[in-house]
Amino acid sequence: MRATVTVAGVPGVEIAYHRKGAGEPLLLLHGIGHHRQAFDPVLDRLAEHRDVIALDFPGFGESPDVPDGVPNELDTFAHAIEAFCTALDLDHPHVAGNSMGGLVALRLGQLGLVRSVTALAPAGFWTPRENAWALGLLTRLRQVARRTPESAVRRLSRTPAGRRVMTGAIYHRPALRDPDAVVAETRALRDAPAFDRVAAHARTGITFTGDIPDIPVTIAWGTHDRVLIPTQAARAHIQLPQARSVPLLNCGHVPMNDAPTLVANTILQTA
């Protein structure tokens, strides 16, 4: 499914999404270079309790890039989500986001547009050195994805060792990843038209500032995150002292695959 919205006065921003379940609405926001299917391991569990909407940010997954004239800012994603919610008649949904999606989720909470936030290893609590490390690592993974023939990706995805080679920087338990999902997410990383632009903008030093005092907020971090190292969770706790802090044991940067039950329950306890 797709919704077409207007952002910053520019019409024609398309957002692809998948919707499942019933109850209070819950948005799922993926990280840079990923796609909405990152949440597939937890989708069914969440849909037992919520009206779940997993979406692709503009320029990622199945969503085309934004038209010319849309400003390249963090709030552009936040306001795109706001317009998306208006188009689907979603009144202050819950939101859960991972990495870049976690930062956008926190910003949505700060803008008063959602009723709860679960941020899974959110960007924005890094030092300049950690920023350079994370974006450098993700850029290298994209370069590998672009240079590796899809036939080789398919071959590697069939074995636990191959999945470790392809996704070990992202998941702590890459052998658990579905082979077809590895192929699909490698393609998503390879083909994302917005990746380079969004990564370049993030390198300018985007951080999350301020607090979110009026709604439930959870910050959850994988104990084996190799992209945004877990010491950043301590900074998030200082920045957001009223937020619930949850360590996700034996999880990497994209924890939904490493411990789906733990992550689903963490989201539901907040939402």
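**Aromatic pairs**

I searched the whole structure, a predicted model, for aromatic pairs and found three. I then examined F57 and F77, whose ring centres lie 4.6 Å apart with planes at 40 degrees, so I entered the pair as tilted. I noted where the two residues sit: F57 belongs to the loop between β4 (51-55) and α2 (74-87), while F77 belongs to helix α2. The pair links distant parts of the chain, with the two positions 20 residues apart. I also looked up their exposure, and both F57 and F77 are buried.

Next I turned to F125 and F208. Their ring centres are 5.9 Å apart and their planes stand at 50 degrees, so this pair is tilted. I located F125 in the loop between β6 (116-120) and α4 (128-147), and F208 in the loop between α8 (195-202) and β7 (217-222). The two are 83 residues apart, and the pair therefore links distant parts of the chain. Are these rings buried or exposed? The relative accessibility of F125 is 4%, which counts as buried. F208 has a value of 4% and counts as buried.

**Helix α1**

I looked up which residues of helix α1 (residues 40-47) are buried, and recorded V42, L43, L46 and A47. How are they arranged about the axis of α1? Viewed down that axis, the buried residues fall within an arc of 130 degrees, so they line one face of the helix. I then asked what covers the buried residues of α1. The cover includes the strands β2 (10-21), β3 (25-29) and β4, together with α10 (255-258) and α11 (260-270).

**The nonpolar core**

I recorded as background that nonpolar side chains tend to be buried together in soluble globular proteins. Here I found that the largest nonpolar core has 90 residues. The residues with the most contacts inside this core are F60, F84 and L106. Helix α2 gives the most to the core, namely seven residues.

I followed F84 further, leaving aside its neighbours within four places in sequence. F84 is in contact with A3, V5, I15, Y17, L27, I53, L55 and L90.

**Overall form**

I counted the secondary structure of the protein as 11 helices and eight strands. For 271 residues, a compact globule would have a radius of gyration near 18 Å; the protein has 17 Å, which agrees. The C-alpha trace spans about 45 × 40 × 40 Å along its principal axes.

I also noted that 56% of the 271 residues count as buried. Among contacts with a separation of 6 or more, 74% come from residues 24 or more positions apart. The protein exposes about 11,100 Å², of which carbon and sulfur atoms supply 54%.

**Positive phi angles**

Lastly, I looked at two residues with unusual backbone entries. S99 is not a glycine, yet has a positive phi of about 60 degrees. I found S99 in the loop between β5 (94-98) and α3 (100-110). S99 is buried, its relative accessible area being 6%.

N250 is likewise not a glycine and has a positive phi of about 60 degrees. I placed N250 in the loop between β8 (244-248) and α10. With a relative accessible area of 34%, N250 is partly exposed, whereas S99 is buried.

Terms used: Residues numbered from 1 in each chain as written. Predicted model: local features only at pLDDT ≥ 70, side-chain atom pairs only at ≥ 80, totals over all residues. Heavy atoms only, no water. Phe/Tyr/Trp six-rings, centres within 6.5 Å; stacked < 30°, edge-to-face > 60°. Helix = DSSP H or I, 4+ residues; strand = E, 2+ residues; numbered from the N terminus. Buried < 20%, exposed > 50% of the residue type's maximum accessible area, 1.4 Å probe, protein only. Arc of directions from axis to C-beta. Contact = heavy atoms within 4.5 Å. Rg over C-alpha atoms; globule rule 2.2 N^0.38 Å. Areas by Shrake-Rupley, 256 points an atom, 1.4 Å probe, with all protein chains shown as cover. Core = buried A, V, L, I, M, F, W, Y, C linked by side-chain atoms within 4.5 Å.
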